[in-house]
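Student: Please walk me through the side-chain packing in this model. I would like to take it by question and answer.

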Amino acid sequence: MAVNVLNVAEKPSAAKEIAQILSHGDCRSLSGHSVYNRIFHFNYMIGGQPCRMVMTSVSGHLMELDFEEQFRKWYYCDPADLFQAPVRRYVPQDKLGIKRTLEEQARNCQWLVLWLDCDREGENIAYEVVEVCLNVNRGLNVLRARFSAFIEREIQHAAQNLHRPNRNLSDAVDARQEIDLRIGASFTRFQTMLLKDRFVLPFDEHEKAILSYGPCQFPTLGFVVERYWQVQAHQPEDFWTINCVYRSENDSASFKWARGHLFDYVAAVAIYEMCVEEPLATVFSVTGRETRKNPPHPLNTVELVKRASRFLRLGSQETMKAAEELYQQGFISYPRTETDYFSENTDLRRMVEEQTRHPVWGNYAHRLLDSRENLWRHPSNGGHDDKAHPPIHPTRFSDGEPQWRNDHKAVYELVVRHFLACVSQPAVGYATKAMIDIAGEQFSANGLMVTARNYLEVYRYENWAASTLPNFDLGQQFIPTRLTLDAGRTQPPPLLSEADLIALMDKEGIGTDATMHDHIKKLLDRRYATKDAQTRFCPTNLGEALVMGYDTMGYELWKPHLRSIMERDMKAVGDGIKVKENVLETCLQQMKTCFLDARVQQQKLIEAMGLFFERSQNQVPEAVQVGGIVRRCPMCREADMVLKRRPDSKFMVGCRNFPQCKNVVWLPSVVMEATVTTHTCNSCIPAPVYKIDFKFKRAEIPPQYSIYHTGCVGGCDIVLNDIMNIYRAPPAPSGRGQAQDRASGRGRGVAYPRRGRRGGGAGRSQNPSRHGDTEVFYDAQVHF
């Protein structure tokens with residue numbers, strides 16, 4: 001009896017390709033609830049079991065992770081709360097059609113086969129599909145297909161050898177997503193709210209000024225800034241070196257000084273004069289040996305991106321986009337892999353045979369397969385294996401497709417040539433070295449004769465330059481053709497190229513092979529760095545200022561160490577060594593400590609920005625939160641009111657939804673200290689309203705009042721009301737518009753509850769907090 005099998009691929013193109021392969025082109029295509037994700041029907045046998053196959057797809061991640069609604073609005077909560085605020089995973093509006101298709105098909109199936117990409121991210125998407133499908137059919141038998149290329153033998157093998165999905169790999173992605181969301185959101189809100197109104201920043205008028213922070217993005221920026229600082233700190237020094245050139249009838253040799261160079265001009269001149277006075281050169285050593293230039297290891301993602309940047313001048317984003325599309329079309333294997341060696345049972349010769357038809361490198365492929373040529377060699381082992389995919393290699397012959405762009409052609413050619421090179425013999429040469437003595441100073445010259453180019457014949461991106469020397473004999477003497485004292489100057493290290501940056505990220509564990517290019521792109525999109533025509537990165541003023549600000553705080557948030565630890569922990573979750581919940585707790589606690597300390601030292605970030613940007617003319621002094629939540633705001637009813645301290649050191653209780661909500665209670669200037677307690681008022685509503693411990697200035701309050709008082713700002717506290725009525729001081733001056741406010745009678749910022757009926761006047765709250773016959777109003781004309 002046939003079973004109904006729901007198959008789900010990661011992209012619509014993947015679903016179509018797999019359906020075509022398994023059905024041998026005999027499948028029916030129907031529309032689903034999503035216009036882009038079609039449904040394919042065909043019959044198939046899995047291990048002797050007749051199956052009615054239904055193939056459809058998602059479009060990447062089916063679900064998103066975000067905070068609950070009240071925490072998604074920037075001004076409605078303290079950014080520090082985001083480290084423990086509740087989060088939820090949900091299907092966004094634009095994916096609801098896909099969800100409906102999955103639910104509809106899952107109800108009528110007995111098996112669910114997951115054809116998602118075989119990496120951590122693909123495993124996480126697989127479990128998103130599983131969650132949706134099991135919600136409507138708990139009896140589904142959930143299976144996983146593992147493959148590395150869209151070619152028939154891979155797909156057929158995957159269908160006949162199904163596995164169970166790996167929860168650990170999915171948990172690792174869940175941990176990464178939650179860590180990145182919480183850390184990124186908290187720091188992004190903190191630095192954006194702190195800086196965007198203080199300075200004239202390099203954003204267009206229509207752009208929303210967001211100063212984003214990412215746990216991978218920021219260390220990546222740190223690499224760029226650190227190299228830039230090294231360049232700027234370089235102090236050039238003059239040096240001198242002696243160069244010797246000898247020309248025979250047929251060849252020439254350039255000899256390098258054994259001392260290299262000297263920074264002492266007087267010493268260099270003295271030695272040079274000795275050589276000029278006794279210029280006779282004596283050959284005291286001539287050596288020769290066979291040498292080899294090895295072909296590259298098999299290609300993994302990091303090397304693909306680095307070599308495409310170096311050889312093709314393609315950015316990492318463009319490279320991965322082209323590689324992903326070539327993979328989806330079935331021309332190369334899965335392009336996101338850490339593996340750089342082929343297993344012994346891989347049929348490498350069949351892959352080479354595919355390329356013998358190519359008009360350019362086809363002849364070389366023929367020679368590789370010819371044992372008389374002695375070109376073949378099993379590839380070297382690069383030492384990396386992600387246990388999921390082989391190295392990147394060609395899976396289908398092509399001499400160019402009509403729909404290919406130039407980057408498709410360049411990336412496909414690089415993959416093919418790299419594969420052919422790694423199964424080839426090393427280049428062979430004969431290296432010679434001659435050493436001479438002039439007035440006691442030693443010089444050497446090197447020569448190379450390439451005897452067999454081998455892999456270099458097909459790997460046109462590398463060269464091995466030959467240089468011949470004259471025939472020298474031991475004891476031979478000659479007068480140099482030219483003997484000069486040349487001056488030079490030390491040069492700073494170059495700015496990081498894209499290949500350099502990716503190498504650093506790989507070395508320090510920043511991101512994964514699948515995400516590095518995304519982090520680099522964000523640096524450019526966020527205007528933290530620029531990239532020139534030579535693919536070298538330079539930080540912008542904004543990027544440098546942010547790194548400098550955090551650097552002066554002492555926490556090296558821009559260094560790779562913290563993120564490296566996180567990446568290792570997430571890998572341990574994927575390997576089943578650590579538990580997701582423990583990793584989340586440890587990591588978030590550590591980063592929350594960093595965040596709270598950064599907020600205490602925020603002035604250092606402001607000072608660093610001030611070195612690069614002009615102060616905004618619209619800037620007004622801003623109060624800083626110094627206490628906890630006092631109450632829910634009775635005006636906007638959406639955010640909390642918290643205890644804050646103004647730049648003039650006076651206290652206030654203000655709404656976190658400022659500037660959208662300008663509700664505030666100005667506390668009198670006689671308040672010396674204020675701390676929010678855990679005690680609540682039994683009278684004021686909406687509850688809870690937390691009481692505040694006050695300490696007043698002894699010399700400035702009437703003698704009948706104690707300097708210590710625990711009171712409520714909700715309007716019920718008679719003692720606090722009396723003191724506030726005595727000291728009706730207006731708020732501190734607040735920048736532009738202050739004179740007009742005084743002239744119009746606005747801006748006084750009532751700092752006390754008013755008794756009796758609510759009077760007229762614009763800006764007053766229409767939602768008073770009632771206690772008996774007392775109504776408390778909060779002036780909306782507030783300047784922070």
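The turns below cover aromatic pairs, charges over rings, polar contacts and nonpolar cores.

Student: What kind of model is this?
Tutor: No experiment stands behind the coordinates discussed here. The model is predicted.

Student: How many aromatic pairs are there?
Tutor: Rings pair if their centres lie within 6.5 Å. By this rule the count comes to 29 aromatic pairs.

Student: Is the pair of Phe187 and Tyr213 stacked or edge-to-face?
Tutor: The centres lie 4.6 Å apart, with 25° between the planes. Planes under 30 degrees apart count as stacked. So the pair of Phe187 and Tyr213 is stacked.

Student: How many residues apart in sequence are the parts that this pair ties together?
Tutor: Phe187 lies in helix 6, residues 167-195. Tyr213 lies in the loop between helix 6 and helix 7. The pair therefore ties together parts that are 26 residues apart in sequence.

Student: Is Phe187 buried or exposed, and where does Tyr213 fall?
Tutor: Buried means under 20% relative accessible area. Phe187 has 0%, and Tyr213 has 5%. So Phe187 is buried, and Tyr213 too is buried.

Student: Which residues do ring pairs link into a cluster with Phe187?
Tutor: Tyr213 belongs to the cluster, as does Phe187. The other members are Phe83, Phe190, Phe218, Tyr550 and Phe595.

Student: Are the rings of Phe311 and Tyr461 stacked or edge-to-face, and how many residues apart are they?
Tutor: Their centres are 5.2 Å apart and their planes are at 10°, so the pair is stacked. Phe311 sits in helix 9, residues 301-312. Tyr461 sits in the loop between strand 13 and strand 14. The pair links distant parts of the chain, 150 residues apart.

Student: Which of these two rings counts as buried, and which as partly exposed?
Tutor: The cut-off for buried is under 20%. Phe311 has a relative accessible area of 23%, so Phe311 is partly exposed. Tyr461 is at 13%, and so counts as buried.

Student: Which charged residue sits over the ring of Phe311, and which lies over the face of Trp376?
Tutor: At Phe311, the charged end of Arg310 sits over the ring, 6.0 Å from its centre. At Trp376, the distance to the ring centre is 4.2 Å, and the residue is Arg349.

Student: Where is Arg417, and is Arg417 buried or exposed?
Tutor: Arg417 lies in helix 13, residues 406-422. Its relative accessibility is 8%, so Arg417 counts as buried.

Student: Which residues lie at 2.7 Å and 2.6 Å from polar side-chain atoms of Arg417?
Tutor: The polar contact between side chains, at 2.7 Å, is with Glu413. At 2.6 Å lies a backbone oxygen, that of Val458. Arg417 also touches Tyr461, among others. The two residues asked for are Glu413 and Val458.

Student: How many residues does the largest nonpolar core have, and which helix gives the largest share?
Tutor: The residues with the most contacts inside this core include Trp115, Phe147 and Phe419. Among the contacts of Phe147 are Ile18 and Trp115. The core has 69 residues. Its largest share, nine residues, comes from helix 13.

Student: How many residues are in the second core?
Tutor: This core is separate, and Ala172, Leu501, Ile510 and Leu584 are among its members. The second core has 59 residues.

Methods. Residues are numbered from 1 along each chain as its sequence is written. This is a predicted model: local features need pLDDT of at least 70, side-chain atom pairs count only at pLDDT 80 or more; totals for chains, interfaces and linings use all residues. Side-chain values use heavy atoms; hydrogens and water are left out. Rings of Phe, Tyr and Trp (its six-membered ring) pair if their centres lie within 6.5 Å; planes under 30 degrees apart count as stacked, over 60 as edge-to-face and the rest as tilted. Helices (H or I, at least four residues) and strands (E, at least two) are DSSP runs, numbered from the N terminus. Buried means under 20% relative accessible area, exposed over 50%, partly exposed in between (1.4 Å probe, protein chains only). A charge sits over a ring if NZ of Lys or CZ of Arg is within 6 Å of the ring centre and within 35 degrees of the ring normal. A polar contact is a pair of N or O atoms within 3.5 Å; within protein, one must be able to donate a hydrogen and the other to accept it, and residues adjacent in sequence count only if both atoms are side-chain atoms. Contact means heavy atoms within 4.5 Å. A nonpolar core is a set of buried Ala, Val, Leu, Ile, Met, Phe, Trp, Tyr and Cys residues joined through side-chain atoms within 4.5 Å. Lists of a residue's contacts leave out its neighbours within four places in sequence.
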